[in-house]
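Here are a few notes to read alongside the model. Have the 3D view open while you go through them.

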Amino acid sequence: MEYWIWLTLLNGISSSISRKLINKFATPENIYNVVYEQLTKVFGVGNVTENIILNNKSLYEAKIILDNCYKNGINIVTCKEQYYSEYL
C-alpha cells in the first residue's frame with residue numbers, strides 16, 4: 001500500500017498521468033521500480049514527469065501516512081479495488 005501513497009505524494013504528477021502509468025505498469029510498485037527507458041514509452045509522460053518519478057524514491061513519508069491510517073482505523077481504497085467508485 002505504501003507504493004500507492006508514494007505515487008499520490010509525487011508533486012507534479014496529475015491523476016491523469018497516474019492513471020496512464022497504472023495502465024502501463026499495472027501497480028505503483030512497478031512504477032517505483034521503473035527504469036528511464038520504460039518511462040519514455042508512455043504517451044504523455046515527458047522529461048519532467050520522468051525526473052519526478054526517477055528522483056523521488058523515498059517511501060519514508062508514505063510509510064508514516066500508512067502507519068497513521070492503521071493506528072486511526074482509516075482504510076485506504078485504491079482505484080484497483082472493488083470498493084472504488086468509478087464516479088470519483
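1. A quick definition before we start: "buried" here means under 20% relative accessible area. Also keep in mind that this is a predicted model.

2. Now look at helix 2, residues 15-25. Its buried residues are I17, S18, L21, I22 and F25. They sit on the same side of helix 2, because together they span an arc of only 140 degrees around the axis. That spacing fits a general rule: an α-helix has 3.6 residues a turn, so residues three or four places apart point the same way.

3. What packs over that buried side? The cover on the buried residues of helix 2 includes helix 1, helix 3 (28-32), helix 4 (36-39) and helix 5 (47-54). Just after helix 2 comes A26, with a positive phi near 75 degrees.

4. Zooming out, the protein chain has six helices and zero strands. Buried residues account for 31% of its 88 residues. Of the contacts with a separation of 6 or more, 59% join residues 24 or more positions apart.

5. On overall size, the radius of gyration is 13 Å, which agrees with the value near 12 Å for a compact globule of 88 residues. The C-alpha atoms fill a box of roughly 40 × 30 × 20 Å along the principal axes.

6. Last, the second largest pocket, with a volume of about 190 Å³. Helix 1 (2-9) and helix 6 (60-71) are the elements that each give two or more residues to its lining. The lining residues include W6, L9, I52, K57 and E61. By type, the lining divides into five nonpolar, three polar and two charged residues.

Key: Residues are numbered from 1 along each chain as its sequence is written. This is a predicted model: local features need pLDDT of at least 70, side-chain atom pairs count only at pLDDT 80 or more; totals for chains, interfaces and linings use all residues. Side-chain values use heavy atoms; hydrogens and water are left out. On a 1 Å grid over the protein atoms alone, a cavity is a set of points where a 1.4 Å probe fits but cannot get out, and a pocket is an open set with protein on both sides within 12 Å along at least five of seven lines; lining residues have an atom within 4 Å of a point. Grid points are joined across faces, edges and corners, and a volume is the space filled by probe spheres set on the points. Helices (H or I, at least four residues) and strands (E, at least two) are DSSP runs, numbered from the N terminus. Ala, Val, Leu, Ile, Met, Phe, Trp, Tyr, Cys and Pro count as nonpolar, Asp, Glu, Lys and Arg as charged, and the others, Gly among them, as polar. Buried means under 20% relative accessible area, exposed over 50%, partly exposed in between (1.4 Å probe, protein chains only). The arc is that of the directions from the helix axis to the C-beta atoms. Contact means heavy atoms within 4.5 Å. The radius of gyration is taken over C-alpha atoms; the globule rule is 2.2 Å times the number of residues to the power 0.38.
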